[in-house]
Amino acid sequence: MAYSFHELKLKTVQELREIDKDVQHDAVQGFSQMNKDHLLPALCKALGIDTHEHLVVVGIDKPAVKAKMRELHEKRDAAREAHDHQLLKSLRRQIHGLNRQIRAHIARQS
C-alpha cells in the first residue's frame with residue numbers, strides 16, 4: 001500500500017512497526033528499538049517517500065499577492081526612512097493582512 005508522509009505521521013509507533021515488518025531495507029534495521037522520531041524518517045527513506053509536507057495555495061493568485069507584498073515592503077522601507085509612523089503602521093497592517101490571506105488558503109497536497 002502506498003503511504004504519504006502525512007498519513008505515516010498520524011500513525012502510532014505500533015502501527016509504524018507493523019508496516020516496518022514487511023519492509024526489507026537497511027534504514028529500518030532494528031525498528032523494534034526505534035521511537036517514532038527515528039522510525040518515521042527511516043520508514044520514509046525505505047519506502048521512498050519525501051519527508052516534507054507539500055502545501056499549496058488554492059483559491060487565490062499567490063504570485064499577484066506576493067508582488068503586492070513586495071511593493072508594500074518597498075513603501076514600508078521608504079516610510080521607515082522618512083519616520084512616517086502613521087504610514088508605516090498602515091503598510092505593516094496591509095502586509096499582515098496579505099500574509100493572513102495566503103495562510104488561509106493553504107491546503108495539503110496529496
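**Figure 1. How much of the chain is buried, and how the whole thing is laid out.** Buried residues account for 24% of the 110 residues in the protein chain. Keep in mind that this is a predicted model. The chain has five helices and two strands, and from the N terminus on they come in the order α-α-α-β-α-α-β. The radius of gyration is 22 Å, well over the 13 Å that the globule rule gives for 110 residues, so the chain is more spread out than a compact globule. Along the principal axes, the C-alpha atoms fit a box of roughly 65 × 25 × 20 Å. The chain exposes about 8000 Å², and carbon and sulfur atoms supply 49% of that. What about links between distant parts of the sequence? Of the contacts with a separation of 6 or more, 55% are between residues 24 or more positions apart.

**Figure 2. The largest nonpolar core.** As background, nonpolar side chains in soluble globular proteins tend to be buried together. Here the largest nonpolar core has 15 residues, and the members touching the most other members are Leu-8, Leu-43 and Cys-44. Three helices each put in at least two residues: H1 (5-10), H2 (13-21) and H3 (36-47). Which of them gives the most? That would be H3, with six residues.

**Figure 3. Zooming in on Leu-8.** Which residues does Leu-8 contact once its neighbours within four places in sequence are set aside? The list runs Tyr-3, Leu-16, Ile-19, Lys-36, Leu-40, Leu-43, Cys-44 and Ile-49. Two of these names, Leu-43 and Cys-44, are also listed with Leu-8 as touching the most other members of the largest core.

**Figure 4. The buried face of helix H2.** Leu-16, Ile-19 and Asp-20 are the buried residues of H2. Looking down the axis of H2, these buried residues fall within an arc of 100°, so they line one face of the helix. What do they pack against? The partners are H1 and H3. Leu-16 and Ile-19 also turn up among the contacts of Leu-8.

**Figure 5. A salt bridge along H2.** The structure holds five salt bridges, and one of them joins the side chains of Glu-18 and Lys-21, at 3.3 Å from N to O. Both residues sit in helix H2, three residues apart, about one turn of the helix. An α-helix has 3.6 residues a turn, so residues three or four places apart point the same way. Are the two partners buried or exposed? Somewhere in between: Glu-18 counts as partly exposed because its relative accessibility is 47%, and Lys-21 also counts as partly exposed, at 47%.

**Figure 6. Charged pairs and a network around helix H4.** Side chains of opposite charge can pair when their charged atoms come close. Glu-71 and Lys-75 meet in a salt bridge through their side chains, at 3.6 Å from N to O. They are four residues apart in helix H4 (residues 62-82), so about one helical turn separates them. Glu-71 is partly exposed, with a relative accessible area of 37%, and Lys-75 is partly exposed too, at 42%. The pair isn't on its own, though: Lys-68, Glu-71 and Lys-75 are linked in a network of salt bridges.

**Figure 7. Arg-76 and Asp-77.** Arg-76 makes a salt bridge with Asp-77, and their closest N and O atoms are 3.3 Å apart. Where do the two fall on the accessibility scale? Arg-76 has a relative accessibility of 19%, so it counts as buried, given that the cut-off for buried is under 20%. Asp-77 is partly exposed, with a relative accessible area of 35%.

**Figure 8. Val-58 and its partners further along the chain.** Val-58 lies in the loop between strand E1 (55-57) and H4. Its relative accessibility is 45%, so Val-58 counts as partly exposed. Which residues does Val-58 touch, not counting those up to four places away in sequence? They are His-105 and Ala-107. As for Ala-104, it is 46 residues from Val-58 along the chain, and the C-alpha atoms of the two are separated by 9.4 Å.

Definitions and conventions: Residues are numbered from 1 along each chain as its sequence is written. This is a predicted model: local features need pLDDT of at least 70, side-chain atom pairs count only at pLDDT 80 or more; totals for chains, interfaces and linings use all residues. Side-chain values use heavy atoms; hydrogens and water are left out. A nonpolar core is a set of buried Ala, Val, Leu, Ile, Met, Phe, Trp, Tyr and Cys residues joined through side-chain atoms within 4.5 Å. Buried means under 20% relative accessible area, exposed over 50%, partly exposed in between (1.4 Å probe, protein chains only). Contact means heavy atoms within 4.5 Å. The arc is that of the directions from the helix axis to the C-beta atoms. A salt bridge is a side-chain nitrogen of Lys or Arg within 4 Å of a carboxyl oxygen of Asp or Glu. The radius of gyration is taken over C-alpha atoms; the globule rule is 2.2 Å times the number of residues to the power 0.38. Accessible areas come from the Shrake-Rupley method with a 1.4 Å probe; for residues, only the protein chains shown count as cover.
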